[in-house]
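The following exercises are intended for a reader who meets this structure for the first time. Each task is followed by a solution in steps.

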Amino acid sequence: MDKDLTIGQYYPADSAIHALDPRTKLIATLIYIISLFIFDNWGYVLGIAFLAAVIIISKVPFSYMLKGLKSIAFILILTMLFNLFLTPGTVLWQAGVFHITREGLKMAIELGIRLVALILGASIMTLTTTPNKLTDGMESLFGPLKVFHVPVHEIAMMMSIALRFIPILMEETDKIKKAQMARGADFESGNLFVRAKAMVPLLVPLFVSAFRRANDLAMAMEARCYHGGEGRTQMKPLHYHGNDVAAFVIICAYLAAAITMHAIAGW
Amino acid sequence: MSLKLDHVNYTYGIGSAYEMHALRDVSLEIPDGQFVGIIGHTGSGKSTLIQHFNALMQPTSGTVSWNGEDVWADGYDRRSLRFHVGLVFQYPEYQLFEEDVLTDVMFGPKNQGLSKEDQQKRAEDALKLVGVPEELYRKSPFDLSGGQKRRVAIAGVLAMEPSVLVLDEPTAGLDPRGRDEILDQVKYLQEQRSITVVLVSHSMEDVAKYVERLIVMNRGEKVFDDTPEAVFDHYLELEQMGLAAPQMTYLMHELSDNGLDVDIHADTVETAEKSILQALKKRAGEI
């Protein structure tokens, strides 16, 4: 089974981060992402140290988090290369049309760190929060938008279903792929065009099955009288606890430290 | 042309929180022409085991060999192995994808590199074997009923004319008639074309009726590997694994315990009937 896709997946463990209210984690993640854009030079050390501390507390194995990075490695490297070669400034190295500038080098490194920290920060949230809790948290946080007729509940429900279906569809893909390989299908060799064509026996059954599952799910929801968010109560309503207050204090202190260091020391 | 597994282990998700030993030290050999049954509780490693048969899964340790050659050796053509060891997955109807039934069944032979005529001939033969009527050949596979889709999917593997046919719960979710038809057809194939058949099943009745050798899997280990009669003698142990012997085995044991001289190894309705009648006659003769 292809277990490389860890973005958006839950990692069960018993840690202080897992126990936090999903809203706390959402807000904290947002604050952390904002903090990444404050830093200039040395501030990233602070950002990474903070992230490392959170990862250690969360008990999610670091190797597991790195796997999540693999899927974005291509975009990451591409973005870094663009910045490295295309930023104007003091030229450090030149070969033909290619040149590396001091500014480009700095930009590429900063951007790389920023992106990695951003992805890791966000995946800490999804890895320590079940999809259900995550969407409950979003629904609650975006609740005020209902005044403007934003279908907050429906959006949250769609998100939770989409997240819930990722592992199911992954498994399904794996099954169909193996079934076709058992009939001699070859997904690995040939040029791009041949390979794209070889995907047809995989994609057609996958889509058919996705639609079938969607239909079944819709029917099962209706059979249980689901009719949208109106008047819907929750079995486990969200409550903030002492640890959430502590978490807010810590993340705010971190943000304050980040701003102060940036303003005073130019970090 | 035998298939051999030697001390095969398989572990899922090594090093993660989901690590699981799906197979533990499994060794077995399947000679030509045998009708083998594999039973086991859900999660006992049956499906993992059969995916080692055609090299869809690579053992964590141990070797899988076909005709004495290690299929995971460098440069071994595992794709052509899959034409020899045909594997029909559970609910195979979900793998159908072509515009019409015939083209879908031709997918296997096409991958084998056969000519268009041969592909079509193979496909038609296979469809005939599983009992799909000719008027359905040009229909979309998605318009067929569940049972017909299942037959088409099985034909898709049969069309490759494998020498070993592995079926994972081929009758799950079918009605009794569809079930008997498909299994009778498989038995016919095994006898007429002398192919090897491996049947994974939950149904003790099916296993008792068709197979000549029975492998029982429990928690990734091979627990029993013998004739069905000999395996069903351990019916109390089977129950502890969440399995059971066929209904008839229970009946025959009960009768035998109560003093009727019946064959406790009779495990199908037919053999049980014969044995009971014989015992009754014998008793009547004695009186």
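**Exercise 1: A helix against a sheet**

Task. In this predicted model, determine which strands of chain B helix α1 lies across.

Solution. Helix α1 of chain B comprises residues 46-53. The strands that it lies across are β3 (35-40), β6, β7, β8 (196-200) and β9 (213-218) of chain B. Its direction relative to β7(B) is given by an angle of about 155°.

**Exercise 2: The order of the strands**

Task. State in what order the six strands of the open sheet in chain B are arranged, and explain why one side of β6 and of β10 has no neighbour in the sheet.

Solution. Step one is to read the order, which is β6-β7-β8-β3-β9-β10 in chain B, with mixed pairing. Step two is to look at the edges, where β6 (85-88) and β10 (221-226) of chain B stand. Each of these two has a single partner strand, and therefore one side of each remains without a neighbour in the sheet. Step three concerns the twist: on average, neighbouring strands of this sheet are turned by 15° against each other, direction ignored.

**Exercise 3: One pair of strands**

Task. Describe how β6(B) is joined to β7 of chain B.

Solution. Strand β7 of chain B covers residues 164-168. Four bridges join β6(B) to this strand, and the two run parallel. As an example of a bridge, B:V85 has B:V164 as its partner in β7(B).

**Exercise 4: Chain B as a whole**

Task. Decide whether the radius of gyration of chain B agrees or disagrees with that of a compact globule.

Solution. First, note the chain length of 287 residues, for which a compact globule would have a radius of gyration near 19 Å. Next, compare this with the value for chain B, 21 Å; the two agree. Along the principal axes, the C-alpha atoms of chain B fill a box of roughly 70 × 50 × 35 Å. Of the 287 residues, 43% count as buried. The chain contains twelve helices and ten strands. Finally, consider contacts in chain B between residues at least 6 apart in sequence: 62% of them join residues at least 24 apart.

**Exercise 5: Two domains in chain A**

Task. Identify the domains of chain A and describe how they touch.

Solution. Domain 1 consists of 1-129 + 239-267, and domain 2 of 131-232. The C-alpha centres of these domains of chain A lie 28 Å apart. Eleven residues from domain 1 of chain A and 14 residues from domain 2 of chain A take part in the contact. On the domain 1 side, helix α2 (residues 22-36) of chain A gives the most, with three residues. By class, that side of domain 1 of chain A has five nonpolar, four polar and two charged residues.

Definitions and conventions: Residues numbered from 1 in each chain as written. Chains lettered and ligands numbered in written order. Predicted model: local features only at pLDDT ≥ 70, side-chain atom pairs only at ≥ 80, totals over all residues. Domains from an automatic or database assignment. Contact = placed C-beta atoms within 7 Å. Nonpolar A, V, L, I, M, F, W, Y, C, P; charged D, E, K, R; others polar. Rg over C-alpha atoms; globule rule 2.2 N^0.38 Å. Buried ≥ 20, exposed ≤ 12 C-beta atoms within 10 Å, placed from the backbone. Pairing = 2+ DSSP bridges. Axes fitted to C-alpha atoms, helices over the stretch in contact; angles between N-to-C directions.
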